[in-house]
Amino acid sequence: MHESNTFADGVTDLFAFEACGIEMGEGIARRWGQAHHEVGGFIEGAGRSKFAAIPTLMAWATPAGPVTKSAYEGLIDRLLQAIESAGPLDAVLLALHGAMVAEGYPDADGNTLYRVRHAIGPDIPLVATLDYHANVSMLMVSASDALIAYRTYPHIDQRSRGMDAARIAAMAARKECRLKQALAKPPLLVPILSQETSREPMRSIMAEAVEISYESPVLDASVLAGFPYADVQEAGPACVVVTAGDSSVAQRCVEQLGDRFWTHRHALTTTPPSAEEAVRRALEVEKTPALLIDVGDNVGGGSAADSTVIFHEWIRQGGSKGIVVLFDPHAVRACLAAGVGEQIVLSAGGRVDRHAPPLPVSGRVRLVHDGRYVEDEPRHGGLRTNDQGLTAVVELADENLVVLTTRRQPPFSLGQLTSLGLRPENARAVVVKAAIAYKAAYEPLGGTIIEVDSPGLTAANPARFHYDRLRRPILPLDPEAMVEARWR
Ligand SMILES: [Zn+2]
C-alpha cells in the first residue's frame, strides 16, 4: 500500500516500507488482526464466511514520492511467491491503496492486479479493497473481479469494507454468482477539501452510491474522490459498481454516479483563506483550540511535515499557547544532546518545505520521548500502534510549544500529542498538518477548524500544479466547454 505524491522530491525505497513494517504470514494477523483496517476485516470476514484466511504479505509506507523500481518489483515478487506457496486457493483478497506510482509503473496498482491475475489464472475470484484516494484505472478494473473502496474520509470504515470484500469474494468462490463490474471516470479533479464525505456535495454522491448498492443485482458501489497530487493519466475521481453477473446494470449505475460528479462540478471547489488571514481569525475565536489546518503540508498526502509557514505567522501576529509538530531529526538530536530541562537555541523545520525559513526555536527542552503510542479508536489509516520516532518538546516564549519528531507522522491520532503529556484541548491554537483525515481524532476536541490555503506539495487548489501525464481535457485545468464536449 502506498499513496505516491509525484510532485514530492525523493522516492520511497525499501527502507521506507521496512520502517513502517513488512509482515509475512502469521505476523500479519498479529499486527493487523485487531486493527480498524481492511486486513483485519479480511481475516474476520473470511472466518465469518467459513473460509480460512492465509495471510501472505503486508507492506505499507507513509505517503511520499514514487516507489523505487527495485522496492516495488521486490515486494511484488515476494507477494507472488507467497501466493504460490499458499497452495490451491478459493479466492484472493488484496488490500491496495490504489494511488501507488512506482518508477516505470505509473499505474502500479493496475500492474499488481494484472500480475496477481496472471499468477492465479482467470477463474479464481480476485477482490481488492481501495483507499478512497485511489486513482482507478481500466487495467485495475479488468484485472480484478471486484474493487471495493472506503466510503468515508476521514477513513473510518476500513475494517468493514475489508469485511465486505471478504463476503463478496466468498460468494464468488462458492459460485453463487459471477462478478461483473464497471468503471466511470468523471473528467475533473476534486480538490482535497471538497473530498470530505460529510460535506456536500460528496455526502449526497456517496449516499446515492450506498443506495445503489442495495438494488439487486448490484453487490457493491463505490465512489472515489481520487488523489490529485499524482501526475498520472488516471488521477481523479472514479465510480465502480459490482454486480452479480450483469454488466449492463453495472454500466448504467456507474454512468449515473459519474453524471452526479458532473452536475456538482462547481460545488466541488473550496477556497480557504491565506495563512495571514487564517491566523488573524484564529486569534479571535472563542471556541479554542483554533485548529489551523495546514493543507499545503498534509503529511498524509505525501508532504514534507516540516513547513513553518503557519507557525511563523502565528508568532508574528503575537499568538500564545500554540502547538506545532515539525519533522526535524537534526533538531531532535540537538535537544537530546542538550538534555531535558536545559535551554536550547536552534532553528527547526523549513528544510524540506522551503516556503518559509526554518523556525527560530529558543527555549527549554521539556521532554524527550521514544515517540511510540497506541490508538484504540477507529482513526483514519486504521493504525493501532504508532511510532513518530524519537521526539522532543521545546517550550518557547508565550507558552508556545514546538514538537520535533524524527519521523514524518500524520496527525491521525491525538496520541501524537497526549503521549507527550500535552493537552491540546488547553491550547489556544494547534497547527494540524492534514486536510480532512485529522478530523476523526481532532473533532472531539470541540475547537474551531480553520482551513488554510497554505503552499506546499499538497496545496488545496489543483490548478497550482503542473501536470504532464494527466488525461486532458479535465476540470479545473481546461475550459469547461471543451471538457463537457468530450464527456457527453
Ligand atoms: Zn486516503
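User: Which elements each supply at least two residues of the lining of the second largest pocket?
Analyst: In this predicted model, they are α3 (38-48), β2 (57-59), α4, β3, α5 and α7. Helices (H or I, at least four residues) and strands (E, at least two) are DSSP runs, numbered from the N terminus. A pocket is an open set of points on a 1 Å grid over the protein atoms alone, with protein on both sides within 12 Å along at least five of seven lines; lining residues have an atom within 4 Å of a point.

User: Which one gives the largest share of that lining?
Analyst: α4 does, with 5 residues of the lining of the second largest pocket.

User: And what volume does the second largest pocket have?
Analyst: Its volume is about 850 Å³, taken as the space filled by probe spheres set on grid points joined across faces, edges and corners. The lining has 38 residues, and the closest to the pocket centre are Ile54, Thr56, Val92, Leu93 and Leu94.

User: How many nonpolar, polar and charged residues are in that lining?
Analyst: The lining of the second largest pocket divides into 34 nonpolar, 2 polar and 2 charged residues. Nonpolar here covers Ala, Val, Leu, Ile, Met, Phe, Trp, Tyr, Cys and Pro; charged covers Asp, Glu, Lys and Arg; the others, Gly among them, are polar.

User: Before I go on, what are the ground rules for numbering and cut-offs?
Analyst: Residues are numbered from 1 along each chain as its sequence is written, and side-chain values use heavy atoms, with hydrogens and water left out. As this is a predicted model, local features need pLDDT of at least 70 and side-chain atom pairs count only at pLDDT 80 or more, while totals for chains, interfaces and linings use all residues.

User: OK, the metal. What coordinates the zinc ion?
Analyst: Asp131 supplies two OD donors, His133 its ND1 and His155 its NE2, at 2.0 to 2.7 Å. Donors are N, O and S atoms within 2.8 Å of the metal (3.2 Å for Na, K and Ca), and water is not among the atoms, so sites may look incomplete.

User: Why is the arrangement around the zinc ion irregular?
Analyst: The 4 donor atoms subtend angles of 52 to 142°, which makes it irregular. Tetrahedral would need all four-donor angles between 85 and 135 degrees; square planar (four) and octahedral (six) need opposite donors over 155 degrees apart and all others between 65 and 115; anything else is irregular.

User: What spacing do the zinc donors follow along the chain?
Analyst: The spacing is D-x1-H-x21-H. Asp131 lies in the loop between β4 (126-130) and α6 (138-143), and His155 in the loop between β5 (146-149) and α7 (158-173), so this pair ties together parts 24 residues apart in sequence.

User: Are Asp131 and His155 buried or exposed?
Analyst: Both Asp131 and His155 are buried, meaning under 20% relative accessible area; exposed is over 50% and partly exposed is in between (1.4 Å probe, protein chains only).

User: Which bond near that loop is cis, the one from Tyr153 to Pro154 or another?
Analyst: The peptide bond from Tyr153 to Pro154 is cis, with omega near 5°, and Pro154 lies in the loop between β5 and α7. Arg472 and Pro473 are also joined by a cis peptide bond, with omega about 0°. Pro473 is in the loop between β18 (448-452) and α15 (480-487).

User: Switching to rings. How many aromatic pairs?
Analyst: The count is 7 aromatic pairs. Rings of Phe, Tyr and Trp (its six-membered ring) pair if their centres lie within 6.5 Å; planes under 30 degrees apart are stacked, over 60 edge-to-face, the rest tilted. The rings of Tyr72 and Tyr105 have centres 4.9 Å apart and planes at 55°, so that pair is tilted. Tyr72 is in helix α4 (residues 69-85) and Tyr105 in the loop between β3 (92-95) and α5 (108-120), 33 residues apart. Tyr72 is buried, at 3% relative accessible area. For Phe227 and Tyr229 the centres are 5.4 Å apart and the planes at 80°, so that pair is edge-to-face.

User: Which residues share one aromatic cluster with Phe227 and Tyr229?
Analyst: Phe7, Phe465 and Tyr467 do. Phe227 and Tyr229 are both buried.

User: Last one: where is Lys50, and is it buried or exposed?
Analyst: Lys50 is in the loop between α3 and β2 and is exposed, at 72% relative accessible area. Phi of Lys50 is near 65°, a positive value in a residue other than glycine.

Definitions and conventions: 1 Å grid on protein atoms, 1.4 Å probe; cavity = no way out; pocket = protein on both sides within 12 Å on 5 of 7 lines; lining within 4 Å.
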